[in-house]
Amino acid sequence: MGNGHKVIDVLLVEDDPGDVLMTREAFEDHKVTNRLSVVSDGVSAMAFLRKEGEYPDAPTPDLILLDLNLPRMDGREVLGELKSDPVLRQIPVVVLTTSEAEEDVVRSYSLHANAYVTKPVDFDRFIDVVRQIDDFFVTVVRLPAR
């Protein structure tokens with residue numbers, strides 16, 4: 001089945017420290033061995049992905065968890081740049097956001113997001129959602145080789 005249980009690199013693009021903490025806890029509680037890197041805005045996300053500035057040794061992520069409402073460059077702009085880049089476009093992107101707006105859902109898929117998930121406000125449900133995303137991309141989906 002796909003990747004089995006190989007370790008994958010996940011980039012979390014999230015500016016809310018509480019959501020970063022909950023995502024880290026979801027990975028730790030679930031005994032997820034995936035490597036989680038975190039950046040807190042869209043400009044840093046693009047620098048990380050392009051290995052520029054303070055990120056020359058950044059791992060190329062196998063999966064990106066992307067919030068839409070980010071400072072400096074929002075998630076929609078990140079998604080647009082990412083999916084128009086011939087090198088980066090193959091990285092799966094899960095939009096993980098508080099927005100339930102239909103226009104955000106439509107726009108995210110128009111920009112080629114691989115999935116759109118609304119963040120639950122309940123801690124246990126949030127942890128469960130992050131685990132499900134992780135399980136899906138680690139055990140079910142076959143990711144492109146790096």
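**Exercise 1.** Work out how many bridges join strand β1 to strand β3, and whether the two run parallel or antiparallel.

*Solution.* Start with the residue ranges: β1 covers 9-13 and β3 covers 63-66. Four bridges link the pair, and the strands run parallel. For a concrete example, take V13: its bridge partner in β3 is L66. Bear in mind that this is a predicted model.

**Exercise 2.** Now place that pair in its sheet: what is the strand order, and which strands sit at the edges?

*Solution.* Reading across, the order is β2-β1-β3-β4-β5, an open sheet of five strands with parallel pairing. The edges are β2 (35-39) and β5 (115-118), each pairing on one side only. Ignoring direction, neighbouring strands are turned against each other by 20 degrees on average. Next, add a helix: α4 (residues 102-110) packs on the sheet and touches β4 (93-97) and β5. The direction of α4 makes about 155 degrees with that of β5.

**Exercise 3.** Go back to L66 and find what it touches beyond four places in sequence.

*Solution.* V13 turns up again, as a contact of L66 this time. Then come G75, V78 and L79, followed by V93, V94, V95 and L96.

**Exercise 4.** Which residues have the most contacts inside the largest nonpolar core, and which element supplies its largest share?

*Solution.* This core has 25 residues, and L11, V13, V39, L49, I64 and L66 have the most contacts inside it. Going by element, β1, α2 (42-50), β3, α3 (75-84) and β4 each give at least two residues. The largest share, five residues, comes from α2. Don't stop there, though: another core of 23 residues lies apart from this one, with I8, F27, V129 and I133 among its members.

Technical notes. Residues are numbered from 1 along each chain as its sequence is written. This is a predicted model: local features need pLDDT of at least 70, side-chain atom pairs count only at pLDDT 80 or more; totals for chains, interfaces and linings use all residues. Side-chain values use heavy atoms; hydrogens and water are left out. Two strands pair if DSSP finds at least two bridges between them. Axes are lines fitted to C-alpha atoms, for helices over the stretch in contact, and angles run from 0 to 180 degrees between N-to-C directions. Contact means heavy atoms within 4.5 Å. A nonpolar core is a set of buried Ala, Val, Leu, Ile, Met, Phe, Trp, Tyr and Cys residues joined through side-chain atoms within 4.5 Å. Buried means under 20% relative accessible area, exposed over 50%, partly exposed in between (1.4 Å probe, protein chains only).
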